[in-house]
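Hi everyone, thanks for coming. Let me put the model up on the screen, and then I'll walk you through it.

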Amino acid sequence: MQISLLLNVLLPFISAVIVYFLKNERMRNIVIIATALVVMASSVVIAVYGYNTFAGHPLGNINLDRWIAIGDLLLSLYILYISVSLKNAMLILLTLLQLIPMFVFENFSGANLDVLHPIYADHLSVIMNLIVSFVGTLIWIYAISYMREDEEHKGIRPSRQNRFFFILLLFIGAMNALIFSNDLIWVYFFWEITTISSFLLIGHDRTAEAKQSSTRALLLNSIGGVMFVIGIILGYHFFNTVDIQTLISHRASGMLLLPFAFLCLAAFTKSAQIPFQSWLLGAMVAPTPVSALLHSSTMVKAGVYLILRLVPAFYGSWLAGVIAIFGAFTFITASLMAISQSNGKKILAYSTIANLGLIISAAAINSPVAVAAAIMLLIFHAISKALLFLCVGTIEHGIGSRDIEDMRGLINKMPFTTLITVIGLVTMLLPPFGVLLSKWLVIETAAKNPLLVFMIAIGSALTVVYYARWIGILLSRTSSKDVVQHEKRDPFVRIPLSVLAMLSIVISVTVTSIFNGLIAPQVVEYFHRLGVIAQEGSIGTSYGGFSLWPVFLALALALLGGYVVLKGSNQYAMPYAPGESAQEYKVIKVAGKETKMPKAKVSNYYFSDVISENRLTPWLDVAAAVLIVAMFGVVIL
Amino acid sequence: MNVLNIVFRLLLALVVFPIIGGLIVGLDRKLTARLQGRYGPPILQPFYDVLKLFSKQRIIVNEFQVISVFIYLASSVLSLVLFTFQSDLLMIIFVMSIGAVFLVVGALSVKSAYSQVGAQRELMQMLSYEPLLILIIVGMYLMRGSFNIAVIMSQGRPLIEELPLLFLVMVIVLGIKMRKSPFDLSASEHAHQELVRGLLTDYSGLYLGLIDIAHWFDLMLLLGISTLFFYPHIVLGIIASLFLVILEIVIDNVTARLTVKWMLTYSYGLGLVLAAINIAVVYILR
């Protein structure tokens, strides 16, 4: 068991260093793919055999605490160096605010920071580990051909791919390490590695925009870092430990919840919740594999993971009540913003922010059922969202645009990628697929709280709008005229896309087994009760139930019916378009005067006059800030 | 649940209810004609229409239209079946939304401005009614402690006594879902408008006929939900639902179509406020 853990966590770090020094592209690819396979395999071994078996220190006598403290110090100094070279006073201040208190706390406060079991694996860790190990490494493989094309496009010489892959591999190692750490100081260390990795990756292209976005990401995440440090120190002050399992075993109330409030705030910055959303929106300047990684398996998921870890600590408190509202607020407002966007990556970014908001909200609803739904959403969202980002990246390389208006009729140009994209969109949007199933569970459980359910109901309806129209646009086609082109795709693109698409469907079909095997045990461990029965393709609670098989059956019958009818004789016609030939007249006479023929144009409703990103964002930020103040208010008062 | 029971429920959902749905549509056309001073077609006309459509030559623009129609029909049929089997109401609404989404996808897949605009408007119709429908169901849950129709129906007094405002919200939902004026934005019965037939412009023959049938299923599901408000007084519920239909027809004939923004303002402004007041009262009193 120890060995698979070591492989899973340490190998990416080692391979990262090797990749950095390997100039030969072929050798580098071999190392990346081999590492990917080992990481996937080891995560499966851990999932099958390895619960709670990592007691004690994994490396025998080596004092990891010491090494992590040193690593943390070096990392902070590096961030300080970056801040100074960026000449950003705010950033310097934030870095010092992390560095100095942490240093003093670790060395001069006389605190006993020993943790009996610094490494810990329960079902939640295993779920996260599987997501990171599979989705993350598939993104590596995708990145191999993407980055080659990308550097050709942008004419980058000499190649900087070794640096790119170094950070990409490091990122996954840090995520897996974070997941298995039970010592808050360790978590903080790996948390900071993900921060610096994302900073380096967002800034990879070295354009002015990339520099600006990466600085913003570092700045906002440094705020989270400061909150994390305060959380650690306060937590030690109140409970005399940095052991997460011990911390959450105290059913704290009142002022004692303060450290958890700070840690949740740190998680909000990481998960790009409003008002901290701008760093994730800016992050899309990075090459697509970075966006896919940030949005699906790493970085933003670290935030919600931390919240799901801490749920038992604030369960049932007023703090939870405010966090639930805060998450739902992010859900509805980010969904609203997504409607106003035509940039595909930005739509996905807002959808990520919204879904994370929903996960956070569900985690704080004060019901074991909702916590189960939150974990479910975490899994399904990770896979479908990674898939969608990779699709948009592939489309962008294919047509040179990421605007959904430019994707009209894409099925004719890129049939393979388009079909995969449609699968991704459908699994994000419709039942019986997992994302919607989780949403259904959240709404039913949130229904006790009318304010919450109001926000979630409207947010879901908004989601339908921006995803449904995207599907339709992609599929637009006049069969009698449009010829489907043959699409050539590199296997390094084809394989990750196909595997993720298949995964997104397979885990939805096998949702009850996943639920019983991974999610239910975690919820029971937290709360000693569950409240959900998952069996024979249905998920049921004491107040409702969803049976999957009828829906899958109906969809299968529909597809079969469609197939049979299409096999029969059909005549293919042109779309009905009276008046459109008027376009051929450049000038027309209106009331005796010659006028230019106006151009007819059909596009989506974006409501840019009402939902203006620039105008609305400051107000939303203020509203979210008020909610955060309320969060601390209910703890202190 | 014994075999006879299952057969009975399936028969209701697959045969009896859709026929009633078709008759209601026939009634609609007759009544509308009378309101406009015409004689109007026979009540059975919708069935004749569908039969004729089925026998027509099959013409399509692309394959996705066909797939979309079949998914729309399947989801509408399934949601009504789930209703007669007294399943989870929220699940039923979610299943219905599959079909609604695919109807839009099918229309968007055609490069005709009329279909496209109709589809975009239909999305706005969905945006308008979906949250309201969910809130109606949440109201029922708050009263009965369950989303299961069986449980909702198992208790004594009719829901309408405590959820009168939500029943009014149902009027708005039905109007938008049935695309009745002033909410006939995405497609209307009258072909002489600027959108031709909007969403449905590029559907014909068999496929248009299937959409008509799916529409009957949808109509009956919504009327079923409105009947739930009156349970255990089923007869009263049926009368009220019929009254609702006639009310929609009258509104349809005395109002003119309005803009998308107006619809959103109206459904969110009026519908959400009514729902909020009703739910707040129920919530505070319990």
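Let's start with a question: what radius of gyration would a compact globule with 286 residues have, and what does chain B have? For that number of residues the expected value is near 19 Å, and chain B comes out at 19 Å, so the two agree.

Before going on, please keep in mind that this is a predicted model. The predictor gives the complex an ipTM of 0.95 and a pTM of 0.95. For chain B, the mean pLDDT is 91, with 98% of the residues at 70 or more. The usual caution still holds: where pLDDT is low, the predicted coordinates should not be read in detail.

Let's stay with chain B for a moment. Its C-alpha trace spans about 55 × 50 × 40 Å along the principal axes. Of its 286 residues, 56% are buried. If you take the contacts in chain B with a separation of 6 or more, 75% of them are between residues 24 or more positions apart. As for secondary structure, you'll find 10 helices and 1 strand. Follow the sequence along and the order is α-α-β-α-α-α-α-α-α-α-α.

Now, what does that strand of chain B pair with? Strand β1(B), residues 59–60, is joined by 2 bridges to β4(A), and the two run parallel. If you'd like to find the spot on screen, look for Q571(A), whose bridge partner in β1(B) is I59(B).

That takes us to the interface as a whole. Here 54 residues of chain A are in contact with 59 residues of chain B. On the chain A side, the elements that each supply at least two residues are α19 (434–446), α20 (450–474), β3 (544–547), α23 (548–567) and β4 (571–572). The biggest share comes from α20(A), with 13 residues. In character, this side of chain A divides into 38 nonpolar, 12 polar and 4 charged residues.

Last stop, the inside. The largest nonpolar core has 336 residues, and the members touching the most others are A374(A), I375(A), I456(A) and I137(B). Helix α16 of chain A, residues 368–399, gives the most to this core, with 22 residues. Let's zoom in on A374(A): leaving aside neighbours within four places in sequence, A374(A) is in contact with L308(A), I359(A), A362(A) and A363(A).

That's my tour. Thanks for listening, and I'm happy to turn the model around for anyone who wants another look.

How values were computed:
Residues are numbered from 1 along each chain as its sequence is written. Chains are lettered from A and ligands numbered from 1 in the order in which they are written. This is a predicted model: local features need pLDDT of at least 70, side-chain atom pairs count only at pLDDT 80 or more; totals for chains, interfaces and linings use all residues. A nonpolar core is a set of buried Ala, Val, Leu, Ile, Met, Phe, Trp, Tyr and Cys residues joined through C-beta atoms within 7 Å. A residue is buried if 20 or more other C-beta atoms lie within 10 Å of its own, exposed if 12 or fewer, and partly exposed in between; C-beta atoms are placed from the backbone. Helices (H or I, at least four residues) and strands (E, at least two) are DSSP runs, numbered from the N terminus. Two residues are in contact if their C-beta atoms, placed from the backbone, lie within 7 Å. pLDDT is the predictor's confidence in each residue, from 0 to 100. Ala, Val, Leu, Ile, Met, Phe, Trp, Tyr, Cys and Pro count as nonpolar, Asp, Glu, Lys and Arg as charged, and the others, Gly among them, as polar. Two strands pair if DSSP finds at least two bridges between them. The radius of gyration is taken over C-alpha atoms; the globule rule is 2.2 Å times the number of residues to the power 0.38.
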